[in-house]
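Before reading on, please open the sequence and the coordinates side by side. The paragraphs below go through charged pairs, a buried arginine, a covered helix and a surface patch.

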Amino acid sequence: MALPADPDALSPAELKALVIELLGKVAALERTVAAQRDEIARLKGLKGRPPIKPSGMEQGTEPKPPRDRRGRGKVVPRVAVEERVLRATVPPGSQFRGYQDFLVQDLVLRTEAVRYRRERWRTPQGHLVVAPLPGGVEGHFGPELRRYVLAQYHQGQATVPRLVAQLRAVGIAISKRQVMRLLIQDQQRFLDESRGVLRAGLASAAWITVDDTGARHKGANGSCTQIGNDHFAWFGSTAGKSRLNFLELLRAGHADYVISAEALAYMRDRALAGPVVERLANRSERHFPDQAAWAAHLERLDIRGMEGSLGPARVATEGALWGAIRAHGLLPGTVIVSDDAGQFLVGEHALCWVHAERLVHKLEAFTDLHRAAQERIRTLIWWLYTDLKAYRREPSRRRQAELRARFDRIFKRRTGFVVLDRLLERLHANKPELLQVLERPEIPLHTNGSENDIRAQVTRRKVSGGTRSDLGRDCRDAFLGLAK
């Protein structure tokens, strides 16, 4: 249909036909553009983003909760309830029949400015005495304003410019620099609390989960690591995401290096040369208070090579860090559950089943036979995962043997899908870490807790970018952990 010169001259039926025709042309153009985009990507050797949905294995294997047909129940405020009696105007002779309660919750924000007129006295001895400020008053901004700024920034994920605009809108005279000072200055007690939380968690936890994500600092890319379990969470940012950095975080603020039996065993497990281990073991110096003292000790022993993951000085440093961790009573039999990232492979280690199944889930299958094999393996993994969750609730020796045998049957099978078979062989090599739950049924089968926690850091990174000072970075990590 040719477009009319004057659409107003068309009848409703003709307009409807024209709209249907134009919609068809738009849909055809969209298909053409999509096909051209795919062809361009193919010619350039680019791979498009595969339409992979989350596997949903953890949620899909949970038993259905019983339906609760009751109502939501009474609303119970989390604050003290003030009672006010409202009088009714009634005619003479009316009988009082009690009260009808009506609960109203509200939030009151008001700006307050107080000028404290502090008395000054000069004593007979010539000393000047000034009346002290009330408790909690530090600087020219009160404790409630400080609390509000911290809550809005760290829990509400507000940016500093928006926070400044919000405070000015309610009548507070404040600048961006003053807000930044409220966020990062004089926060040592919170930094100490965060470090104390990490030390207590690592000293008492039966298991922890870990994860990391990118974090920019001083204009350079870095990494933020989350460590925690159901009872605590802690964040720490470093310049990289190596095993050396992870061990430094696990020291929980201690700065020393220790050569102990655990440290030497770590070095041997990492294939450090025997003569190098003997040089470290035969010296009387076993404790080094800081990095400078440890570096000088390595120089005296002619142990060099911090480059690469297998450099002699690097492996020796990792071992001394592990020795310090154990010397301070941290990670006493604690299982570290991770997503199979190499930097987390220390101590007693277990792997996340959700990440393992995700590798199978995101394989690209190109034939019906390959897709059928992929779905069959995923189904078997889901069934095994369901039974592992049941085992955690009721562990037994007999079930251990059955589950180990099922694991072998699943991950040793050959499907004819070469890429899938190689992946199954790789996952079977991780059998001790994937089945750690059989020996330690208290540990989780996934790292969902860490992944959920670290989303706060991802959101903060997207909202505010990176940090510019070391103190700002430390405060961001500390408050994120304390909020979680």
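A residue is called buried when its relative accessible area is under 20%, exposed when that area is over 50%, and partly exposed in between, with a 1.4 Å probe and only protein chains taken into account. The model is predicted, so local features need a pLDDT of at least 70 and side-chain atom pairs count only at pLDDT 80 or more, whereas totals for chains, interfaces and linings use all residues. Residues are numbered from 1 along each chain as its sequence is written, and side-chain values rest on heavy atoms, with hydrogens and water left out.

Let us begin with the salt bridges, each defined as a side-chain nitrogen of Lys or Arg within 4 Å of a carboxyl oxygen of Asp or Glu; by this rule the count comes to 27. One of them joins the side chains of Arg195 and Asp192, with an N to O distance of 3.5 Å. Both residues belong to helix α6 (residues 188-204), where they are three residues apart, about one turn of the helix; helices (H or I, at least four residues) and strands (E, at least two) are DSSP runs numbered from the N terminus. Arg195 is partly exposed, at a relative accessible area of 35%, and Asp192 is likewise partly exposed, at 33%.

A second salt bridge pairs Arg426 with Asp340 at 4.0 Å, N to O. Because Arg426 lies in helix α15 (residues 418-429) and Asp340 in the loop between β8 (335-338) and β9 (348-351), this pair ties together parts that are 86 residues apart in sequence. Arg426 is partly exposed at 45% relative accessibility, and Asp340 is partly exposed at 36%. The backbone of Asp340 also deserves attention, since its phi is near 80°, a positive value in a residue other than glycine. Most residues other than glycine have a negative phi.

Lys218 presents another positive phi, of about 55°, although it is not a glycine. Lys218 is placed in the loop between β3 (207-217) and β4 (220-228), and it is partly exposed at 47% relative accessibility. Lys218 also takes part in a network of salt bridges with Asp470, Arg473 and Asp474. Within that network, the closest N and O atoms of Arg473 and Asp474 are 3.2 Å apart; Arg473 counts as buried at 18% relative accessibility, whereas Asp474 is partly exposed at 31%.

What is the nearest side chain of opposite charge to Arg243, which is buried yet has no salt bridge? That side chain is Glu318, 4.1 Å away, where Lys and Arg count as positive, Asp and Glu as negative, and His and the chain ends are not counted. Arg243 is located in helix α7 (residues 243-250), and a polar atom of its side chain lies 2.9 Å from the backbone oxygen of Gly342. Leaving aside neighbours within four places in sequence, the residues in contact with Arg243 (heavy atoms within 4.5 Å) include Tyr266, Arg270, Gln343 and Val346.

Helix α12 (residues 353-361) is mostly covered, seven of its nine residues being buried; among them are Trp353, His355, Glu357 and His361.

At the surface, Val85, Phe96 and Tyr99 make a nonpolar patch of about 390 Å². Patches are made of residues with over 30% relative accessible area and no salt bridge, like charges being joined within 9 Å and nonpolar side chains (Val, Leu, Ile, Met, Phe, Trp, Tyr) within 5 Å, and accessible areas come from the Shrake-Rupley method with a 1.4 Å probe, only the protein chains shown counting as cover for residues. Tyr99 is found in the loop between α2 (57-60) and β1 (120-122), and it is exposed, with a relative accessible area of 59%.

Note on methods:
Polar contact = N/O pair within 3.5 Å; in protein donor to acceptor, adjacent residues only side chain to side chain.
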